[in-house]
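Colleague: Before we discuss this model, please put the sequence and the structure where both of us can see them.

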Amino acid sequence: MAIANKICSLGRRIYRFAASVSGVIALVIILWGCTANDFNAGAIAWKTYSNSRYGFEFPYPSNWTSLAAPANDDGIAFISLQDNSVEIRGWASHQLPNAQESVKKIKSNFQTAQGVSGVMVVEVDQQVGSMTLTLTQSQVKYCLRGRSKSQKFPDYYRLFYYIAQQYRISKF
């Protein structure tokens, strides 16, 4: 029940929308957000992406394909074979000491199953909807973003949320 309350609270506090689409999309996303814990992860075959450079991992649907990894090995992106506009992207970077101070001013509103607290931001405009999770540990900033076309975002919200919950930092 605490998770459902957190999700509903998140739905009321975080969303920013373009004026022309906001009413309908806001209602749909908030209603879906309140039931995100009902997501049936067992119905999906999963693989796990592991990043050895920064020590993080997250699950992704096994039937999704990866885009070319960047040369610096800071992360990866996966796209749905059903709709290549749907993407999950995970990456990390070292932070400058002064940058960490500004991140601490943003209040955490999300916690992974591992117990790592972070900031989740959901944004939907006329074209694109996205959910971005940012976690900061030591001098490293970890990010996970799920995005899709805005009209399909409610269909993918629970998938993105589940993946964010399962995000793990091995150096935690």
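The questions below go from the overall make-up to strands, rings, backbone angles and enclosed space.

Colleague: What kind of model is this, and how are the residues numbered?
Modeller: This is a predicted model, in which local features need pLDDT of at least 70 and side-chain atom pairs count only at pLDDT 80 or more, while totals for chains, interfaces and linings use all residues. Side-chain values use heavy atoms, with hydrogens and water left out, and residues are numbered from 1 along each chain as its sequence is written.

Colleague: How many helices and strands does the protein have?
Modeller: Both are DSSP runs numbered from the N terminus, helices being H or I of at least four residues and strands E of at least two. By that rule the protein has eleven strands and four helices.

Colleague: What share of the contacts with a separation of 6 or more is between residues 24 or more positions apart?
Modeller: A contact means heavy atoms within 4.5 Å. Among contacts in the protein with a separation of 6 or more, the share from residues 24 or more positions apart is 54%.

Colleague: What percentage of the residues is buried?
Modeller: Buried means under 20% relative accessible area, exposed means over 50%, and partly exposed lies in between, with a 1.4 Å probe and protein chains only. Of the 172 residues in the protein, the buried ones make up 42%.

Colleague: Which strands stand at the edges of the open sheet that contains β3?
Modeller: Two strands pair if DSSP finds at least two bridges between them. The open sheet has three strands in the order β2-β3-β11, with antiparallel pairing. Each edge strand has a single partner, so one side of each is left without a neighbour in the sheet; these are β2 (46-51) and β11 (168-169).

Colleague: Which residue of β11 does Phe56 stand opposite?
Modeller: Strand β3 (residues 56-61) pairs with β11 in the antiparallel sense over two bridges. Across from Phe56 in β11 is Ile169.

Colleague: Which residue of β10 stands opposite Ala92?
Modeller: β6 and β10 pair in the antiparallel sense over eight bridges. In β10, Arg145 faces Arg89. The residue opposite Ala92 is Tyr142.

Colleague: Which residue of β6 stands opposite Gly75?
Modeller: β5 and strand β6 (residues 87-94) form an antiparallel pair over five bridges. Gly75 has as its opposite residue in β6 Trp91.

Colleague: Is the ring pair of Tyr49 and Phe58 stacked, edge-to-face or tilted?
Modeller: Rings of Phe, Tyr and Trp (its six-membered ring) pair if their centres lie within 6.5 Å; planes under 30 degrees apart count as stacked, over 60 as edge-to-face and the rest as tilted. The structure holds 15 aromatic pairs. The rings of Tyr49 and Phe58 have centres 5.5 Å apart and planes at 50°, so this pair is tilted.

Colleague: Which residues join Tyr49 and Phe58 in a cluster of ring pairs?
Modeller: Tyr49 and Phe58 are both buried. Ring pairs link these two into a cluster with Phe56, Tyr60, Phe78, Tyr142 and Tyr167.

Colleague: What is the phi of Ser138?
Modeller: Most residues other than glycine have a negative phi. Ser138 is in the loop between β9 and β10, and is exposed, with a relative accessible area of 60%. In this hairpin, with two residues between the strands, Ser138 takes a positive phi near 55°.

Colleague: Is Asp73 buried, partly exposed or exposed?
Modeller: Asp73 is in the loop between β4 (65-66) and β5 (75-79), and has a positive phi of about 55° although it is not a glycine. Its relative accessible area is 31%, so Asp73 is partly exposed.

Colleague: How much space lies in the largest cavity?
Modeller: On a 1 Å grid over the protein atoms alone, a cavity is a set of points where a 1.4 Å probe fits but cannot get out, and a pocket is an open set with protein on both sides within 12 Å along at least five of seven lines; lining residues have an atom within 4 Å of a point. Grid points are joined across faces, edges and corners, and a volume is the space filled by probe spheres set on the points. The lining includes Ile88, Met120 and Phe160, and β9 (128-137), β10 (140-149) and α4 each supply at least two of its residues. The space in the largest cavity is about 50 Å³.

Colleague: Which helix gives the most to the lining of the second largest pocket?
Modeller: About 190 Å³ of space lies in the second largest pocket, and its lining includes Phe39, Trp64, Asp155, Tyr156 and Leu159. With three residues, the element that gives the most to this lining is helix α4 (residues 153-166).
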